[in-house]
Amino acid sequence: MHKNHLYAFLCETVQISRHAMTAQDQHPRNAAMGTLAWGQGRDGSLTSTEKIRLIGNLAYVQIRERFDTMRCRLGLLVPAQLELESILPPNTALVEDALGLASETHQDALFYHSWRTYLFGALIAAHERLAYDPSLFFAAAILHDIGLTEHHEPHLCSRCFALSGGERVRAHLRSKGHAETAAQKVGNAIALHLNGWVSARTHGAEAHLVSRGAVCDLFGAGRHRIAPATLSAVLERFPRNGVIEALQFGTARHKESTRPAVMTSLSRGKAPAEPF
């Protein structure tokens, strides 16, 4: 397919996706795709319309990244230099409890991916001047892939791991005495992160940034909004060694028709190229 035709197809797919999301928002009884409410009592399998919406989200991410690359080459995208210490999470009970669970369940490669998700998201937010709650964002980012950890139940072959992970973290935070609103926001951010593009206006800045940070670490989307020196500092502190294996990209047997299964099928099971 010619590049111009491909670009037109992607734009049309994005418009279809946005129309579908708008139509869904007009019917409050239908929970938004990927939320905990949407996944309640189901395994996370997508309808045909939801698959189109997911593909549209992924296409939108690719289109944005192409524009970022073009602007960067023209010198029109210049991220600010930031010290990592300025964006580290605060010392709060929510951060401590989330970090404690991640330390107990995550191997180093997945743990480092989760840290990079937080840092990349925070750096992108700084560039875009997007306000967020750092404790909520960190709790969701550091635990967003808990559904991929050893001994997690249910297994990802029977249910979307983002949904089960979000529910597990929500229950964990409740058990630690955190407010229901905080537990719900963190759980929803985890459940939503596989949507590809998560609207900050609809779902909150924290859910938006978990998705942005994870996509940046796995595919490099958004990396031009991070200063090279700062990017190098993140990768030095939290190396990417073993990240593809930790995420089980192309090796996991995801539940058919769920978001991870659809995304893996789009890549034909091939791991993404090193983005950095």
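Which side chain meets that of Glu 50 in a salt bridge? In this predicted model, the partner is Arg 42, with an N to O distance of 3.8 Å. The two residues differ in how far they are covered, since Glu 50 is buried at a relative accessible area of 7%, whereas Arg 42 is partly exposed at 28%.

This pair belongs to a set of 14 salt bridges in the structure. Another of them joins Arg 212 to Glu 128, whose closest N and O atoms lie 2.8 Å apart. That pair links distant parts of the chain, as Arg 212 belongs to helix 10 (residues 205–219) and Glu 128 to helix 5 (residues 108–128), with the two positions 84 residues apart. Arg 212 is buried, with a relative accessible area of 8%, while Glu 128, at 26%, counts as partly exposed. A further salt bridge is formed by the side chains of Arg 159 and Glu 167 (2.8 Å, N to O), of which Arg 159 is buried at 12% relative accessibility and Glu 167 is partly exposed at 24%. Through shared partners, salt bridges also connect Arg 64, Asp 68, Arg 71, Glu 128, Arg 212 and Arg 225 in one network.

The packing of helices was examined for one pair. Helix 3 (residues 48–73) packs against helix 13 (residues 259–266) at an angle of about 55°, the axes being 11 Å apart, and the two helices are therefore oblique to each other. Their crossing is right-handed. At the contact, Lys 51, Leu 54, Ile 55 and Leu 58 of helix 3 meet Arg 259, Val 262, Met 263 and Leu 266 of helix 13, a group made up of six nonpolar and two charged residues, with no polar ones.

Key:
Residues are numbered from 1 along each chain as its sequence is written. This is a predicted model: local features need pLDDT of at least 70, side-chain atom pairs count only at pLDDT 80 or more; totals for chains, interfaces and linings use all residues. Side-chain values use heavy atoms; hydrogens and water are left out. Axes are lines fitted to C-alpha atoms, for helices over the stretch in contact, and angles run from 0 to 180 degrees between N-to-C directions. Helices (H or I, at least four residues) and strands (E, at least two) are DSSP runs, numbered from the N terminus. Angles under 35 degrees count as roughly parallel, over 145 as roughly antiparallel, 65 to 115 as roughly perpendicular and the rest as oblique. A crossing is left-handed if the near helix is turned anticlockwise from the far one by less than a right angle, and right-handed if clockwise. Contact means heavy atoms within 4.5 Å. Ala, Val, Leu, Ile, Met, Phe, Trp, Tyr, Cys and Pro count as nonpolar, Asp, Glu, Lys and Arg as charged, and the others, Gly among them, as polar. A salt bridge is a side-chain nitrogen of Lys or Arg within 4 Å of a carboxyl oxygen of Asp or Glu. Buried means under 20% relative accessible area, exposed over 50%, partly exposed in between (1.4 Å probe, protein chains only).
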